[in-house]
Amino acid sequence: MALAASHGHQARDWENPAVIGINKRRPHVPLRSFTASEQAVQHYRLRSETCPSPRIISLNSDAWRFHLFDRPEAVPAAFSNADFDASQWDQVIVPTNWECQGFGRPQYTNFLYPFPVTPPFVPEENPTGCYQLSFQAPESAAGHRLFLVFDGVDSAFYCWLNGQFVGYSQDSRLPAEFDVSQLIRPGSSNVLALQVMKWSDGSYLEDQDMWWLSGIHRDVFLLAKPQQHISDFHVCTPLRVDPSTRLPTVARLEVEVLVEGSSAAALDGLEVRAVLYRFDSDGQAERLDDSPVAELSARIQPFWAGADTSGSSDIGSAFAGARAVLELDMLSLPGGAAELRLWSAERPHLYLLLLSLVTASVDGGAGEEGRVLEWEACQVGFRHAEISGRQLLHNGQPVMMKGVNRHEHDQRRGKTVSLEGMVQDICLMKQLNFNAVRCSHYPNHPLWYELCNKYGLYVVDEANVETHGFDPALSNNHLNPACSPLWLNAIVDRGMRMFERDKNHPSIILWSEGNESGYGPAHLAMAGYLRARDDSRPLHYEGGGSRTAATDIVCPMYARVHQILRLADEPGETRPVILCEYAHSMGNSTGNIDAYWAAFDSHPHLQGGFIWDWVDQALLKVEQLADGSIREFWAYGGDFGDSPNDAQFVCNGLVWPDRTPHPAAFEVKQLQAPLAVSLAGLGAAGDSAAAQQDGGAEVQLLVRNKEHFGCTAELALRWRLLADGLPVVGGAGAGPDQEGWQRLELAQEVQPQQQAVAGLGVSWGELAQQAQQAAEPQLEVQALLKHDSLWAPARHEVQTVQLQLSGLLPAAAADAVAARPLQEEAEAAQQQGAAPALHAQQDGAGNVTVTGAAGWELRFDAASGGLASWTDSTGQQLLAAPLSACFYRAPTDNDRGGSGGSSYAARWKAAGLDRLEVAPGCTLEFTVQPAGSVEVSSCFVVQPGELTDEYEPTVEEMVGVGEVGGAHWLSENQPTVVNVAAAVEGAGRTEGSIVCRATYTVNHDGSVLTQWEVDASDALPAMLAPGLLKSLPRVGLSLGVPGSLQQVQWYGRGPHECYPDRKAGAALRCHSAEAVAELHVPYVFPSESGGRADTRWLALSSGGGSRGGLLAAAVGNGHSMQMNVSAYSVRDFELARHEHDLQSSGFSWVHLDHRHMGLGGDDSWSPTVHEAYLVPPTRYSFGVLLCPLAAGGPSDVAAQATAAWRGML
């Protein structure tokens, strides 16, 4: 094997936790050795992945040769030789994981190790990738120190250069750097060889919830440095801020620079110079010929620890070290405290620090410049984080963490992420009102932090340590490697190297010691190192109960709202509560999140959290079909034949793999928005009554700025009046635009954490006059970006607030004549002899047919009791599937959460809700009403049909977490593991029945008023264990409409998908879609989706309105529906495992739900829908008006629909 030739022994270093590197240099900040200061300025524009320094020699390319062996022992012994012929091997792209290039297979597990847990040993069958690259080293590299850098290799590797052993490394998320000065051949061809093992003892520390992907996934490059060079530097910004004035009282710049040289004599007389420039508002550095903020310098002093002796065999081969310390009181500069810009996520003010290493002046001449050997540089932000008063303070102010967990993921390249992809993520996060990101669960690409510095995101930097699979049930902490002295150094090293690489980034607000790794001495040791090295950032660690001595934040994951409130009020606790993970966003999820934000906003010791997680980690899979065509689709665990796997549990994101936002992302955006807007003067009943009676009073808004550092100067505010979901155009005020918008002027900018009153310039009486015909008048207020920013263009919508005006307008509006109900109009017309009579008959089979003089016809089926056929006056069939009661939905991922039959989906299956059918004995009859309308009545029972092979008797529960993987430190109060079957009393029933009574009133205009009485008391008869509550998926109606009815309009929440417990970010307006497909939501794993909450009316019409269509409207004041229109049936969604499995029905399925269960999202492995959003099995009464629509355009349809809906109030 190649290892034997490498360094003369057969040691299996990849199975020895004491060996974490051989010849690997100590960690340091990213170094680039610029040859001109302008290169540093160019780099920190962060517009290119290519470093402008000529001393960075990139080895990224598609010219690497590669071969995958099944084990290390299979690697040819001569592989490491410089003359080894790899020309027949495949060529691959570096960086990119080898599985994403067709070698081996990706494998996804949540916490389960994909190999036997026998630490430190790994399987003998250990896929081993061998890379070889021939490259030309530039002649200019001669005379320099040359360092070979691998920014990320998974999981362990050996390296050779020109046949000579270079070194060995583990830790797949931090750089491995080797000194190759004596091995490289400048000006000549060189051969670089790597042997990468997929599994190593390091894999036991990298059990994160993600794909197991291997190989070189980050940059590879050579760094050429002068013989005397800067080897590391540490920038500190000690800061104290007066909370009342928000001005600094202490502000210093302290820079420690380490220098390395060939000898102490060579270092003698060298000087470090520092120049500090300020970035402008666009994140670009000022021109270098402008005056810098400050300049300072210091002679270096001998310092033994300044030299890195890694790989040195004796004192003769070691280099000398030195140190320089530069300090500056920033308040002593012109302008003092008022001129100093502080860094925060809201206002990411940055400085650029240029460091140069300069030789002694020529001949010691006074004032004569020496020669600059190199420049190094970094962004500087003046900031300080601490815990005080049981709050996390940033620059003296408490900050709310509007955070999200982010894995590095590219749908095509795996763990290799581009600069463009990183910028896309950050801009999307900012657009969705995030201000913080947790690097879950490992240090990210170095550019990520520089981008976060520039754009403004707080970062939780996390050590690459997770050992979840050792103790998934949190019952055997002693099994974790953190408790073993054999693993102490390997664990602490990961935290130490993380800090030393990332210590200068102002965006980092917390250091994290890893994730789900239990709690042991290794964590305390890592915490000790981090605290000793940095007193400007608190520590974060959830393991061991989220409240150990290793953390400065109480940081639970998936704690319920009542639990975090209890933690925040706990006597004696001195730390704030910040959820490291919450709102598990798996598939159609993220319900109930508004309850968390209500808690965050109400309690000073609750400071937000980090949603799990950012992106669905599906990979694009390409496969050839039988007909020769190619299909690309998003694949999850198991789709590559990987076993074991945790299926779609890898898809928990707020955005799809291509970064299209999920509907839930807009819910989060609204809850995290920077402003709170309400009607002023309505805090007490007396104030409200006065406003109603005083039509001359100006309408005023109370605007509260929830930001901590930014005022409203960057926002443009506007408002408009909505009348029943449509904007009022041309009303009173200062020049409304075509959509009714008017400017909202603030007398002065609202400062952080302050509020102000703003007048609309319109009186209550004027507002009432404009809205007098509206059943539901609303004020809509928007905040837009006033100017282009780095992360969004001008007029980007920051937030929208809707304020209900019903009951607040002066009495004049209430005197308006409301539209009369259609039924009353029809009856009045019949009494006057104006309406022709309807014809109704019942055939021998009991079916009832009702026809109108205009030629329309409705047929009611005796067997089902439902409306089976409907032809309008033009001969168009309005039903493609009968109108029937519906009580089931295709289970979401959250519906499957639970075990032992405790999940909602398992209980629904056990009750047979997925196979309900009308039992024999349905009654159907009709009567002609005095006014001439026809009333058709039916009574029937739905009960489970026969359990055939078509139906799965059980449902897969706890996807991705198994019986114990969903455990977390506060889960003891949650009924996550319950055997429902054992809870059934004796031989009690699991299957029940539902009694339905429907009354259809057919009016002369062809409309049908349907009234329903549903008794679902016996729908879920099984007794449940304590802590579980019964709930139906839905109570409502379903029908099919022809595929020609593609135009969809509705008055309800939207435009995106929303549900009863996830609708805060969906505006209540009139919305439209040109095609039914626009309402479809393509979750990676299909399920119930596409619903729209609080729908007042729904209109379906043909394109262009040429043939009319069908209207459905909720009946009764304050009533609405959960609406869904889809080309796919509930059954289609339930059977599909991928988007391409869905088969169109050829028509559209319409669901009109009186009640629909929420989605939940506190987690995805237990029943988590909050009680307010459950649908108890009890009695329900509701009505729906169904009307044929006349031909017409969208505005005509909306007018018809609004009039019909108002008539039903």
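Trainee: Leucine 46, is that one buried or exposed?

Mentor: Leucine 46 is buried, with a relative accessible area of 6%, and you should keep in mind throughout that this is a predicted model.

Trainee: And what is the phi of leucine 46 about?

Mentor: Leucine 46 has a positive phi of about 55°, although the residue is not a glycine.

Trainee: Where does leucine 46 sit in the chain?

Mentor: Leucine 46 is placed in the loop between α2 and β2, the latter covering residues 56–58.

Trainee: OK, what about serine 33, what is its phi near?

Mentor: The phi of serine 33 is near 45°, which is again a positive value in a residue other than glycine. Serine 33 lies in the loop between β1 and α2 (37–43), and this serine is buried, with a relative accessible area of 0%.

Trainee: Switching to sheets, in what order do the strands of the seven-stranded open sheet run?

Mentor: The order is β1-β10-β9-β12-β6-β3-β4, and the pairing in this open sheet is antiparallel. At the edges stand β1 (21–22) and β4 (90–94), each of which has a single partner strand, so one side of each is left without a neighbour in the sheet.

Trainee: How many bridges join β3 to β4?

Mentor: Strand β3, residues 61–69, is joined to β4 by four bridges, and the two strands run antiparallel. For a residue to find on screen, take serine 61, whose bridge partner in β4 is valine 94.

Trainee: Which peptide bond from a proline to a proline is cis?

Mentor: The bond from proline 119 to proline 120 is cis, with omega near 5°, and proline 120 is found in the loop between β5 (107–109) and β6 (128–136). Another cis peptide bond runs from serine 440 to histidine 441, with omega near -10°.

Trainee: And where is histidine 441?

Mentor: Histidine 441 is in the loop between β29 (436–439) and α6.

Trainee: Which way do the side chains of β29 point?

Mentor: Ala436 and Arg438 point one way from β29, while Val437 and Cys439 point the other way, and all of them are buried. Strand β29 is joined by four bridges to β28 (residues 401–406), and here the strands run parallel; within that pairing, arginine 406 has cysteine 439 of β29 as its bridge partner.

Trainee: Then on to helix α6, how many of its residues are buried?

Mentor: Ten of the ten residues of α6 (446–455) are buried, so to speak a mostly covered helix. The buried residues include the charged-looking names you might stop at, namely Glu450 and Lys454, alongside Trp448 and Tyr449. Just after α6 comes glycine 456, which takes a positive phi of about 100°.

Trainee: What about helix packing, at what angle do α10 and α11 pack?

Mentor: Helix α10 (residues 593–602) and helix α11 (residues 663–671) pack at an angle of about 15°, with their axes 10 Å apart. Angles under 35 degrees count as roughly parallel, and that makes α10 roughly parallel to α11. The crossing of these two helices is right-handed.

Trainee: Which residues make the contact?

Mentor: Ile593, Asp594 and Trp597 contribute from α10, and Glu667, Val668 and Leu671 from α11. By class, the residues of this contact of α10 with α11 divide into four nonpolar, no polar and two charged.

Trainee: Last one: along β47, which side chains are buried and which are not?

Mentor: The side chains alternate along β47 (residues 857–860), with Leu858 and Phe860 pointing to one face and buried, whereas Glu857 and Arg859 point to the other face and are not buried. In a regular strand the side chains do alternate between the two faces of the sheet.

Trainee: And what does β47 pair with?

Mentor: Four bridges join β47 to β46 (residues 848–851), running antiparallel, and valine 848 stands opposite phenylalanine 860 of β47. Four bridges also join β47 to β48 (residues 867–871), again antiparallel, with threonine 871 of β48 as the bridge partner of glutamate 857.

Trainee: What sits in the turns of those hairpins?

Mentor: The hairpin of β46 and β47 has five residues between the strands, and glycine 855 in its turn has a positive phi of about 105°. In the hairpin of β47 and β48, with six residues between the strands, glycine 865 takes a positive phi near 75°.

How values were computed:
Residues are numbered from 1 along each chain as its sequence is written. This is a predicted model: local features need pLDDT of at least 70, side-chain atom pairs count only at pLDDT 80 or more; totals for chains, interfaces and linings use all residues. Side-chain values use heavy atoms; hydrogens and water are left out. Buried means under 20% relative accessible area, exposed over 50%, partly exposed in between (1.4 Å probe, protein chains only). Two strands pair if DSSP finds at least two bridges between them. Axes are lines fitted to C-alpha atoms, for helices over the stretch in contact, and angles run from 0 to 180 degrees between N-to-C directions. Angles under 35 degrees count as roughly parallel, over 145 as roughly antiparallel, 65 to 115 as roughly perpendicular and the rest as oblique. A crossing is left-handed if the near helix is turned anticlockwise from the far one by less than a right angle, and right-handed if clockwise. Contact means heavy atoms within 4.5 Å. Ala, Val, Leu, Ile, Met, Phe, Trp, Tyr, Cys and Pro count as nonpolar, Asp, Glu, Lys and Arg as charged, and the others, Gly among them, as polar.
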